[in-house]
Each structure stands twice: as structure tokens, then as C-alpha cells.
Amino acid sequence: MIEVQQLTKRYGSTLALDGLSFRVEPGRVTGFLGPNGAGKSTTMRALLGLDRPTSGRALIGGRRYDELSRPLCTVGALLEARAMHGGRTVHGHLLGLARSNRIPDERVGEVLETVGLADVAHKRAKGLSLGMAQRAGVAAALLGDAQVLLLDEPVNGLDPEGILWIRGLMRHLAGEGRTVFVSSHLMSEMALTADHLIVIGRGRLLADTSVEDFVARNSRSYILIRTPEPERMRDVLAAGGIRADDGPEGVIEAVGTTLETVGSLIAANQVTVYEISPQVASLEEAFMGLTADAVDYRAKQEVR
Ligand SMILES: Nc1ncnc2c1ncn2[C@@H]1O[C@H](COP(=O)(O)OP(=O)(O)OP(=O)(O)O)[C@@H](O)[C@H]1O
């Protein structure tokens with residue numbers, strides 16, 4: 001379990017985290033979402049003892065990172081894929097990590113198999129593709145067989161096959177009862193992978209919700225109608241008990257109805273229409289709506 005309590009981090013005049021609190025439960029994949037600069041990496045770094053919070057606490061299994069006796073066996077983390085020294089082999093890098101954490105040498109072979117790098121284990125890090133480096137980073141995170149896993153943008157640099165693999169791996173690890181906390185700036189990716197979502201913006205909590213609820217609340221569907229007779233169309237819809245919202249560029253959005261119902265009303269009342277089509281607002285749009293203020297704030301800050 002991960003607990004973040006009233007976490008605040010200030011870098012000079014930048015307030016990166018502003019009293020952030022949330023918990024990440026075991027047995028499920030929790031997506032950590034926010035636009036660029038929201039504070040995701042800062043939170044992860046605070047959890048891993050790489051950044052000292054200005055105030056508040058970031059705990060793993062009830063302890064600060066620097067209080068853990070065998071950190072790698074408590075929390076496995078993937079932060080920066082290119083963190084390996086270019087001259088070392090993947091095998092050498094993992095062996096060094098294993099030995100400094102009192103993890104048996106055999107474990108290195110096991111994790112290399114798990115991430116599909118057994119064949120390139122003796123290649124130097126600088127010769128690896130970004131996708132391979134990402135897999136090597138995942139291998140390091142798995143090395144200590146930790147109950148808590150922190151993955152910062154793990155799909156970065158992976159090809160479609162790699163993306164499917166990492167999704168499957170995260171689900172598998174959560175299925176084993178582990179706490180899996182994964183950051184991303186893509187809502188669509190998280191909707192496919194995560195069970196639960198923590199959404200932040202400007203270092204503050206914006207949402208703490210199940211993916212199911214987020215999808216149910218934000219997948220807005222409607223029938224788009226483009227017509228040269230908007231007033232008549234509105235009257236016809238109102239007479240049929242259908243709500244009509246104003247869409248962009250003068251279109252009408254009929255909510256809570258079907259294409260068939262609207263089509264029949266149009267035919268029965270002989271309204272001229274240029275377009276009638278079903279629409280579903282994407283999760284990405286819903287996410288952008290939720291975080292819009294946070295993004296605006298940053299843009300304004302940068303202009304100053
Ligand atoms: N070492 C640092 N010194 C100064 N400011 C920093 C430092 N690290 C982060 N920040 C600032 O803190 C804020 C949060 O950054 P952070 O990297 O945590 O966001 P993020 O959500 O991980 O973004 P991204 O998706 O772009 O990685 C940003 O405004 C960033 O510019």
C-alpha cells in the first residue's frame with residue numbers, strides 16, 4: 001500500500017505538489033494521470049526518497065523509503081529507462097543491483113526471462129533500443145519480487161507488441177495481490193490497463209475514482225444534427241421530449257436518444273438536415289476537460 005499525506009514540494013517559486021493526499025491499494029492497477037508538469041514524477045520521486053518533500057509524507061507500506069531495510073525487496077521502480085550505464089551489460093547491471101540488495105544471483109536470469117531479454121542479456125546498454133532499455137528497467141523493478149511497484153510512463157518507447165506485454169504484466173502483478181502504481185499522461189492507455197485512477201493537476205488531487213465510474217460519468221454520447229432549420233429542429237426534438245444541447249458551429253446535440261428516434265422525427269416533420277450522426281466523446285476529451293484549468297494555469301505561468 002502507498003500513502004501520500006498532505007504532500008507539498010516547492011522548487012524555488014514553483015509549487016510542484018500542493019497538499020496532495022491519496023492512497024494506492026494492493027491487488028489492482030492504479031493509474032496516475034495528469035497533464036505534463038502536474039507533479040507525477042515529483043510524487044514518484046518523493047515516494048522513492050529521491051526528493052525530500054517540503055512538507056507532508058510519502059509512505060510505502062507505512063514507512064518512508066529511507067526507513068526500509070531492503071528497499072528493492074519492498075518497492076520496485078521504473079523511473080528513467082536510460083538510467084543504466086551505457087558500458088554495462090543488462091546482465092551486469094542487474095547482477096550489481098541484486099548483490100547490493102542481498103538478492104540471489106539466480107533471480108537475474110529469472111527476471112531477464114520474464115521481460116524477454118534473455119537473448120540480449122550480454123549486450124551493452126548503449127546498444128539497446130529504447131524498447132529494450134524499457135524492458136531492462138522493468139526487469140530491475142521486478143528483481144526484488146517487491147509487493148509495491150512504481151512505474152513512470154512504462155509504455156514510452158514500446159512498440160504495439162511491447163505495450164500489450166506491459167499491460168498484461170501489470171495486470172498479472174496486480175492479480176498476485178501487489179500494489180501497482182503507474183503514471184501516464186494518456187487517459188486512453190489507462191482506461192485499458194488500470195482499475196483505479198488518481199488524477200492530479202497543478203500538484204493537487206482532481207479525481208480519485210474507479211476507471212468504471214470515470215468511463216460511465218464521462219463517456220457522453222449524443223446524436224449530432226446539422227441543419228439549416230435549427231429552430232424547427234429544436235421544437236421537433238422538444239415535442240418528442242428530447243434534450244437538445246448547443247454544439248460547436250451551430251450544430252445541435254440530441255442527448256439520451258437514438259439515431260432511429262431522431263431520424264423518424266425528422267422524417268415525420270420534414271425537417272431538412274445535412275448531417276445526423278451518433279457521437280461518443282472520447283475519454284481523452286473527458287480527461288482534458290477535467291485537467292483543462294491545470295493546463296491553462298501552466299501555460300499562463302510560462303508566458304509570464
Ligand atoms: N528539479 C526541479 N527543479 C525545478 N522545478 C522542477 C524540478 N522538477 C520538477 N519541477 C517542476 O515541478 C512541476 C512538476 O513536475 P513533474 O515533473 O513532477 O510533473 P509530471 O507530472 O511528472 O510531468 P511530465 O508528465 O511532464 O513528466 C513542473 O512545473 C516542473 O517544471
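## Sheets, cores and a ligand shell

An open sheet of six strands runs in the order β5-β6-β7-β3-β8-β9, with mixed pairing. At its edges stand β5 (75-78) and β9 (204-210), each with a single partner strand, so one side of each is left without a neighbour in the sheet. From one strand to the next, the twist averages 15°.

A few words on reading this report. The model is predicted: local features need pLDDT of at least 70, side-chain atom pairs count only at pLDDT 80 or more, and totals for chains, interfaces and linings use all residues. Residues are numbered from 1 along each chain as its sequence is written. Helices (H or I, at least four residues) and strands (E, at least two) are DSSP runs, numbered from the N terminus. Two strands are called paired if DSSP finds at least two bridges between them. As general background, strands of a sheet pair through backbone hydrogen bonds, either parallel or antiparallel.

### How the strands pair

Here are some of the strand pairs, each with a pair of facing residues.

| Strand pair | Sense and bridges | Facing residues |
|---|---|---|
| β5 and β6 | parallel, four bridges | Ala77 and Leu150 |
| β6 and β7 | parallel, five bridges | Leu149 and Val180 |
| β8 and β9 | antiparallel, six bridges | Ile200 and Leu205 |
| β10 and β13 | antiparallel, six bridges | Ile225 and Ile276 |
| β10 and β12 | antiparallel, four bridges | Ile223 and Ala254 |
| β1 and β4 | antiparallel, five bridges | Ile2 and Ile60 |

Strand β6 (residues 148-152) is mostly covered, with four of its five residues buried. Here a residue counts as buried if 20 or more other C-beta atoms lie within 10 Å of its own, as exposed if 12 or fewer do, and as partly exposed in between, with C-beta atoms placed from the backbone.

Helix α8 (residues 211-218) packs on the six-stranded sheet. This helix touches β8 and β9, and its direction makes about 100° with that of β9. Contact means that the C-beta atoms of two residues, placed from the backbone, lie within 7 Å. Axes are lines fitted to C-alpha atoms, for helices over the stretch in contact, and angles run from 0 to 180 degrees between N-to-C directions.

### The three-stranded sheet and helix α1

Another open sheet has three strands in the order β2-β1-β4, with antiparallel pairing. β2 and β4 (55-60) are the edge strands, each pairing on one side only. The twist in this sheet averages 20° from one strand to the next.

Lying across β1, β2 and β4 is helix α1, which runs at about 115° to β1. Seven of the eight residues in α1 are buried, and Lys40, Thr42 and Arg45 are among them. After α1 comes Gly49, whose phi is positive, near 70°.

### Around the ligand

Which residues surround the ligand? The shell is made of Tyr11, Thr14, Ala16, Gly34, Asn36, Gly37, Ala38, Gly39, Lys40, Ser41, Thr42 and His185. A residue is placed in this shell if its C-beta atom, placed from the backbone, lies within 6 Å of the ligand. Both β2 (14-24) and α1 (40-47) supply at least two residues each, and α1 gives the most, with three.

By class, the shell has three nonpolar, eight polar and one charged residues. In this count, Ala, Val, Leu, Ile, Met, Phe, Trp, Tyr, Cys and Pro are nonpolar, Asp, Glu, Lys and Arg are charged, and the others, Gly among them, are polar.

### Two nonpolar cores and helix α5

Ala136, Ala139 and Leu143 touch the most other members of the largest nonpolar core, which has 66 residues. Helix α5 (residues 130-142) provides the largest share of this core, eight residues. A nonpolar core is a set of buried Ala, Val, Leu, Ile, Met, Phe, Trp, Tyr and Cys residues joined through C-beta atoms within 7 Å. In soluble globular proteins, nonpolar side chains tend to be buried together.

Leaving aside neighbours within four places in sequence, Ala136 is in contact with Met84, Val90, Leu117 and Leu128. A second, separate core has ten residues, including Ile225, Met233, Ile252 and Ala254.

Is Arg135, which has its place in helix α5, buried or exposed? Arg135 is buried, because 28 other C-beta atoms lie within 10 Å. Not counting residues up to four places away in sequence, Arg135 touches Val115, Gly116 and Leu117. Arg135 and Thr114 are 21 residues apart in sequence, and their C-alpha atoms are 9.4 Å apart in space.
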